[in-house]
Amino acid sequence: MIKTTNYMLAKRIIVRFAAACLFVCCFVFSGVQAYAQRDAVPTDEAIIAEGEKLFSEWACNTCHRVDQKLVGPALKGVYDRRSIDWIYQFVQNSQRLIASGDAQANAIYEEFGGLQMPSHDLTDDQVLSIMAYVRHTEENPPAAAAATDTAGDGTQVAAEGGIPSKYLNIIIGALIVVLVLILIVLGLIIGVLKKYLQDKADLDEEDQEVVNEKFDLMAFVKSPTVIGIITFLVIVLAAKNVIDGLYTVGVQQGYQPTQPIAFSHKIHAGQYEIDCQYCHTGVEIGKNANIPSVNICMNCHSAIKTDSPEIQKLYAAQESGEPIEWVRIHNLPDLAYFNHSQHVNVGGIACQTCHGEIQEMEVVKQHAPLTMGWCIDCHRNTSLNTKGNGYYDKLVELHNSNAATPMKVTDIGGLECAKCHY
Ligand code: HEC
Ligand code: HEC
Ligand code: HEC
Ligand code: HEC
Ligand code: HEC
Ligand code: HEC
């Protein structure tokens, strides 16, 4: 006959086993690293500092983050996927390696839509020091987050989104699923054991009591294992938010300065439904959207709300002939070329796709990050608006005969450096 003590023992062993499983899972999830070539990457502080300097001097950070995909792949763990020698060759002249027929180089080149990474006149040691910086950043993520956000010349290169939240969410989700599965299995085993014991007639009273004991939810919730797991999850979530916050340091997205006149898009474009083009006269026809001159305001305000102090400022501006000094919100660096009519007129893209719900804003706010990664992402994912555009008919025909997916902006050269850079 089975003794109750044995039953209790079995129960305890199962619970221990479950807890052990959980901790093993945590370890596996947190430490999927340490492979072959990583150890060839130095960890000296001086070399790391040199690598960090080169990483921004050579503008690697325009296209790469350590932890997330941007224009190019996330660099973390690249020394786990490739040989060090391969990395030297790729960074120094990726095109040569691709042309040589190297399978890995061709695979990644294709994965990134045939975007050519520029050549870099760097020595092997310099590339290795960049890898040292990458490894250091990968292995000490929060401290490095702020540093990677600023380009060498002080211009801000914005990171989008922050740490790859989808991975963290997947990990947390997986942990919860594992936990639930373990609990179910546990319940089943205990149920079977219980049933077996209940069928035994020869249990004494004390044993009967233990076997028939009801499952106590409160006691379970208060058990150290459960509290431990919940605390762990809370800490992970909190850490994720802090890290996300660090990644957005210096991002211009959300910039919302106070303007010299309390002009409201909500009133004009929203409530009174004035067309954007009425004021931003350039969007359909030119590179710039244009900010309206006082004259355009005067079309209405010579008669509307004439005694409002805000409108008085318009009269003062008209009298003095000085333009109103609106604070510019969206501003690409000079090296980048962006054309409104290409996007609004030819591309058929709504203002709101890039600027957000302007007609609901009292004060305009920058909606998009305006980084190179942002431009490129959209070019990769957006199909061309070719309807009624004779210019595209031949191209579309050609494209459709070779490819199954619709023609994207990348197919007309939307990833070529010279299209966006003077
Ligand atoms: C203009 C954007 C751009 C710049 C600047 C850039 N890269 Fe790249 N990089 C890419 C792209 C895109 C790829 C993907 C392969 C391809 O399309 O050729 C890539 C791939 C790589 C790879 C291979 C990654 C892998 O998973 O195999 C490494 C390593 C790399 N880059 C390092 C660097 C370093 C170091 C610098 C600075 C010295 C740099 N890159 C500058 C765009 C860039
Ligand atoms: C009655 C004139 C008027 C209309 C209509 C109007 N705007 Fe504006 N817009 C302005 C003025 C004036 C400014 C500059 C002051 C400010 O930022 O609020 C401006 C600023 C902006 C800016 C920010 C420019 C910068 O500095 O980067 C955007 C973006 C913008 N408008 C988009 C729109 C869109 C989209 C619509 C249509 C839904 C629209 N506007 C309708 C007058 C107008
Ligand atoms: C097509 C007509 C029209 C144009 C053009 C126009 N406005 Fe207006 N504006 C209005 C109307 C209508 C109101 C709302 C009046 C009300 O609240 O009774 C208004 C309200 C305002 C107010 C709020 C005044 C207050 O004290 O409540 C300001 C400020 C203003 N406009 C500034 C401007 C500026 C600056 C421009 C030029 C960039 C401009 N408006 C162009 C029609 C126009
Ligand atoms: C594909 C994205 C995109 C679309 C669509 C778009 N814009 Fe813009 N807009 C930008 C970018 C990028 C800038 C910054 C340009 C720069 O600094 O050279 C900008 C700047 C502006 C400015 C600031 C002044 C200027 O001339 O640069 C205004 C005003 C503006 N947009 C209005 C509009 C309006 C109105 C529409 C719709 C009719 C529109 N935009 C559609 C991306 C877009
Ligand atoms: C919301 C999506 C979107 C965003 C964001 C966007 N673009 Fe585009 N872009 C397009 C589309 C669609 C076209 C194709 C228009 C056409 O049919 O010619 C295009 C075309 C272009 C072209 C012409 C390409 C060619 O081969 O003729 C340039 C240059 C360009 N974009 C620059 C930029 C820059 C710079 C940015 C970022 C500041 C940007 N775009 C952001 C959608 C976008
Ligand atoms: C679709 C448009 C687009 C294409 C294609 C594009 N860029 Fe950019 N690039 C931008 C924009 C916009 C910026 C400025 C945004 C920023 O500073 O984050 C930028 C910034 C840069 C910078 C950073 C300059 C600095 O001072 O921070 C470098 C370097 C660069 N691009 C190189 C390239 C190279 C090399 C290619 C070709 C592989 C390329 N870009 C293709 C839009 C583009």
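**Exercise 1.** In this predicted model, find which of the 20 residues around ligand 3 come nearest to it, then work out which parts of the chain supply the shell.

*Solution.* Start with the closest neighbours: of the 20 residues in the shell, His268, Cys297, Cys300, His301 and Ser308 come nearest.

Next, place the shell on the secondary structure. At least two residues each come from α13 (265–271), α15 (294–301) and α16 (309–320). The largest share, four residues, belongs to α15.

Finally, sort the shell by character: 15 residues are nonpolar, three are polar and two are charged.

**Exercise 2.** Identify the polar side-chain atoms that lie 2.7 Å from a nitrogen atom of ligand 3, and find the partner of its oxygen atom in serine 308.

*Solution.* Take the nitrogen contacts to begin with. Histidine 268 places a polar side-chain atom 2.7 Å from a nitrogen atom of ligand 3, and histidine 301 has a polar side-chain atom 2.7 Å from a nitrogen atom of the ligand.

Now turn to oxygen: an N or O atom in the side chain of serine 308 sits 2.7 Å from an oxygen atom of ligand 3.

**Exercise 3.** Name the protein donors of the iron atom of ligand 4 and classify the arrangement of its six donor atoms.

*Solution.* The protein donors are His340 and His355, each through NE2, lying 2.0 Å from the iron. Histidine 340 belongs to helix α17 (residues 340–346) and histidine 355 to helix α18 (residues 351–355), 15 residues apart.

For the geometry, recall that six octahedral donors ideally give angles of 90 or 180 degrees. Here the six donor atoms subtend angles of 87 to 179 degrees, so the arrangement is octahedral.

As a last step, check burial: histidine 340 has a relative accessible area of 17%. Buried means under 20%, so histidine 340 is buried.

Methods:
Residues are numbered from 1 along each chain as its sequence is written. Chains are lettered from A and ligands numbered from 1 in the order in which they are written. This is a predicted model: local features need pLDDT of at least 70, side-chain atom pairs count only at pLDDT 80 or more; totals for chains, interfaces and linings use all residues. Side-chain values use heavy atoms; hydrogens and water are left out. A residue is near a molecule or strand if one of its heavy atoms lies within 4 Å of it. A polar contact is a pair of N or O atoms within 3.5 Å; within protein, one must be able to donate a hydrogen and the other to accept it, and residues adjacent in sequence count only if both atoms are side-chain atoms. Ala, Val, Leu, Ile, Met, Phe, Trp, Tyr, Cys and Pro count as nonpolar, Asp, Glu, Lys and Arg as charged, and the others, Gly among them, as polar. Donors are N, O and S atoms within 2.8 Å of the metal (3.2 Å for Na, K and Ca); water is not among the atoms, so sites may look incomplete. Four donors count as tetrahedral if all angles lie between 85 and 135 degrees; four count as square planar and six as octahedral if opposite donors are over 155 degrees apart and all others between 65 and 115; anything else is irregular. Buried means under 20% relative accessible area, exposed over 50%, partly exposed in between (1.4 Å probe, protein chains only).
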